[in-house]
Amino acid sequence: MIPEIEKLLNDQITYEATASAQYLSMACWADVNGYNGVAEFFYTQSEEERVHMTKLVKFINERSGAAVIPAIDKPRDDFKSLLELFEIFLESEEFVTAKINNIIYECLQHKDYNVHNFMQWYVAEQLEEEATARTLLDKLKIIGGDKSGHYLFDRDISTFQAPEE
């Protein structure tokens with residue numbers, strides 16, 4: 001495995017682990033504040049990020065690289081509102097997308113088409129994740145501070161379907 005690409009993939013493991021922990025923290029906040037639907041949404045998001053991380057770990061190791069399992073910082077847990085949760089969700093997904101795009105760029109520079117091909121799954125996944133985050137954030141902006149709107153948002157998020165790209 002090309003050392004520069006291996007480092008970027010290991011960095012990506014850290015980003016996925018960090019996102020997983022952050023979403024778990026967000027799920028806990030939602031649970032404690034009575035937003036059971038939002039909590040389940042973020043518990044699921046946390047697990048998805050963990051799966052993304054594990055997929056990278058296995059890929060690196062199968063290609064004779066050495067995956068590095070990172071220590072991560074304590075995630076933020078002092079949220080003020082549902083709107084803030086989903087703003088953080090979108091920011092996190094945009095950050096991860098930028099990092100994945102950088103891996104793709106470096107793969108092309110190093111002519112590492114195997115990793116490039118593997119990373120296409122992540123590119124498609126990020127398109128979906130960002131679309132979901134934007135759609136849910138837009139809905140919360142429409143709702144504003146309306147408590148009954150928050151109740152309905154929480155109730156309905158379990159049936160949310162990600163927008164098609």
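How many salt bridges does the count come to in this structure? The count comes to 9 salt bridges. The model is a predicted one, and the close-ups below visit some of those charged contacts along with the helices around them.

**View 1. Helices H1 and H2 pack against each other in a roughly antiparallel pair.** Welcome to the opening stretch of the chain, where H1 covers residues 3–32 and H2 covers residues 36–62. The two axes come within 8 Å and cross at roughly 165 degrees. Because that angle is over 145 degrees, H1 and H2 count as roughly antiparallel. The crossing of H1 past H2 is left-handed. Sorted by class, the residues in this contact are 19 nonpolar, 7 polar and 5 charged.

**View 2. A salt bridge joins Lys7 to Asp11.** Here we look at two side chains of helix H1 that sit 4 residues apart, about one turn of the helix. In an α-helix there are 3.6 residues a turn, so residues three or four places apart point the same way. The closest N and O atoms of Lys7 and Asp11 are 2.9 Å apart. Lys7 is exposed, at 51% relative accessible area, whereas Asp11, at 22%, is partly exposed.

**View 3. Helix H2 from end to end, with the residue that follows.** How far apart are the end C-alpha atoms of H2? They are 39 Å apart, which agrees with the 39 Å that its 27 residues should span at 1.5 Å a residue. Follow the chain past H2 and you meet Ser64, which has a positive phi near 70 degrees.

**View 4. Glu47 and Arg50 form a salt bridge on H2.** The closest N and O atoms of this pair are 2.7 Å apart. Glu47 and Arg50 are 3 residues apart in helix H2, which puts about one helical turn between them. Both partners are partly exposed: Glu47 has a relative accessible area of 38%, and Arg50 has 37%.

**View 5. Arg76, Asp78 and Glu84 share a network of salt bridges.** In place of a single pair, this close-up takes in three linked residues. Glu84 belongs to the stretch covered by helix H3, residues 82–109.

**View 6. Helix H3 along its length, and the residue just after it.** With 28 residues at 1.5 Å each, H3 should span 40 Å. Its end C-alpha atoms are 41 Å apart, which agrees with that expectation. Just after H3 comes Lys111, whose phi is positive, about 55 degrees.

**View 7. H3 and H4 make another roughly antiparallel pair.** The axes of these helices are 9 Å apart, and the packing angle is about 160 degrees. Since angles over 145 degrees count as roughly antiparallel, H3 and H4 fit that description. H3 passes H4 in a left-handed crossing. The contact brings together 20 nonpolar, 5 polar and 7 charged residues.

**View 8. Arg134 reaches Glu130 within H4.** Our last stop is a salt bridge with an N to O distance of 2.8 Å. Both residues lie in helix H4, residues 113–143, and are 4 residues apart, about one turn of the helix. Is Glu130 buried or exposed? Glu130 counts as buried, at 12% relative accessibility, because the cut-off for buried is under 20%. Its partner Arg134 is partly exposed, at 36%.

Notes
Residues numbered from 1 in each chain as written. Predicted model: local features only at pLDDT ≥ 70, side-chain atom pairs only at ≥ 80, totals over all residues. Heavy atoms only, no water. Axes fitted to C-alpha atoms, helices over the stretch in contact; angles between N-to-C directions. Parallel < 35°, antiparallel > 145°, perpendicular 65-115°, else oblique. Left-handed = near helix turned anticlockwise from the far one by under 90°. Nonpolar A, V, L, I, M, F, W, Y, C, P; charged D, E, K, R; others polar. Expected span 1.5 Å × (residues − 1). Salt bridge = Lys/Arg side-chain N within 4 Å of Asp/Glu carboxyl O. Buried < 20%, exposed > 50% of the residue type's maximum accessible area, 1.4 Å probe, protein only.
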